[in-house]
Amino acid sequence: MDNSEYHHPENDGEYKGLKVNAGVQRAPSVNPGFRPRRRREITISEYVEGILKGDTAILARAVTLVESRLTEHRTKAQEVVEKCLPYAGKSVRIGITGVPGAGKSTSIDTFGMHAVEHGHKLAVLAIDPSSERSKGSILGDKTRMERLAKEHNAFIRPSPSAGSLGGVARKTRESIILCEAAGYDTIFVETVGVGQSETAVHSMVDFFLLIQLAGTGDELQGIKRGIMEMADGIVINKADGDNIAKAELAATHFRNALHLFPPAESGWTPEVLTYSGYYGLNIDKVWEMMDRYFEYVKSTGYFQYNRNRQAKYWMYESVQEALRDSFYRHPLVQEAMPEVERAVLADEMSSFVGGMRLLEIYFDNLDRAHAKLDNTKEDE
């Protein structure tokens, strides 16, 4: 070891009786012999075979593939989803929402344990809020679902919301299909509960559960028309100890508010219950409510009708997403965008005109491409 780098002035001759040793050389923080191993690419057939066998490692990688924004990953993911589709659709899909702090993760842990103990296989797709500044997410839902995370028949997948509508991850619906193909008969979709439109999660689940709190002084504030109309069931959490009376009073307020709304399209009258996710009180009653709902909507035919409507909705959502990507990836649009933005910010044109200008560039180029294609066919 070269000690000159670690020279101490105390070792100079002018200092009598002083000596400082050089110490031990610090080991490198990374093993110099370490060579990162790239995971082997999995083929489409291997993905499908692993998912159908219930391999959670393959399932997790398939969900990651579905969530990827890379074009080559999207193409591969769509093939995997298409091949899994015939094996999907045999689960009940339950959306769970509520304001932050309402105890969604704790409740899912308790609800999920109840399902697993009764012989069900449960998949939890927990949507974590993404930072608008850094675009990152904590993805810490497994730490709040301690018991469920250890269960063999439970699969927990936190995903970043990535700014999508209602805090729902962009590809949650495809993830549901993969989980169903893997044999999970109960799917929980937890939203971030940001108070925005929860339409996205409502349009991919069979039962929409709203979790509320009592004793916080905002019972009436929590009665929002939009979210209340979507809810198939409302549960008041933390109904334990001294809070039981407050929870029952809040439940009464919600029941009274529900009478003011028009009947749900399903014909089902939403029920309001109280429970405690932390202490596991009245969990069986919440499940009994959901069982009554599923029995009712399946007997009336609404269950399958709603599934079909959701499939059509997501078909057109896919069209809109593809068109949006095609527009923003177009080189001529990307080239013109800075100048149009400058003109809008300088008040030289309105935002509406600026948007139309970019659309004209996009559609004019498409028209020219189609005309060129038609002329080529005529020449042939």
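## A right-handed unit

Strand β6 (residues 233-237), helix α10 (residues 244-258) and strand β7 together make a right-handed β-α-β unit. Do keep in mind that this is a predicted model.

Within the unit, β6 pairs with β7 (residues 271-274) in the parallel sense, over four bridges. If you would like a spot to zoom in on, Ile234 has Val272 in β7 as its bridge partner.

## Salt bridges across the chain

Side chains of opposite charge can pair when their charged atoms come close. How many salt bridges does the structure hold? There are 12, and a few are worth a visit.

Take Glu41 and Lys76, whose closest N and O atoms are 3.6 Å apart. Glu41 sits in the segment before α1 (44-52) and Lys76 in helix α3 (residues 71-84), so this salt bridge ties together parts that are 35 residues apart in sequence. Glu41 is exposed at 54% relative accessible area, whereas Lys76 counts as buried at 19%.

## Two partners on helix α12

Arg307 forms a salt bridge with Asp206, with 2.8 Å between the closest N and O atoms. This pair links helix α12 (residues 302-329), home of Arg307, to the loop between α8 (199-202) and β5 (207-213), where Asp206 lies 101 residues away. Arg307 is buried, with a relative accessible area of 10%, and Asp206 is buried too, at 4%.

Arg309 forms a salt bridge with Glu265, the closest N and O atoms being 2.6 Å apart. Here helix α12 is linked to the loop between α10 and β7, and the two residues are 44 apart. Arg309 is partly exposed at 30%, while Glu265 is exposed at 51%.

Note on methods
Residues are numbered from 1 along each chain as its sequence is written. This is a predicted model: local features need pLDDT of at least 70, side-chain atom pairs count only at pLDDT 80 or more; totals for chains, interfaces and linings use all residues. Side-chain values use heavy atoms; hydrogens and water are left out. Two strands pair if DSSP finds at least two bridges between them. A crossover is right-handed if, with the strands pointing away from the viewer, the path from the first strand over the helix to the second runs clockwise. A salt bridge is a side-chain nitrogen of Lys or Arg within 4 Å of a carboxyl oxygen of Asp or Glu. Buried means under 20% relative accessible area, exposed over 50%, partly exposed in between (1.4 Å probe, protein chains only).
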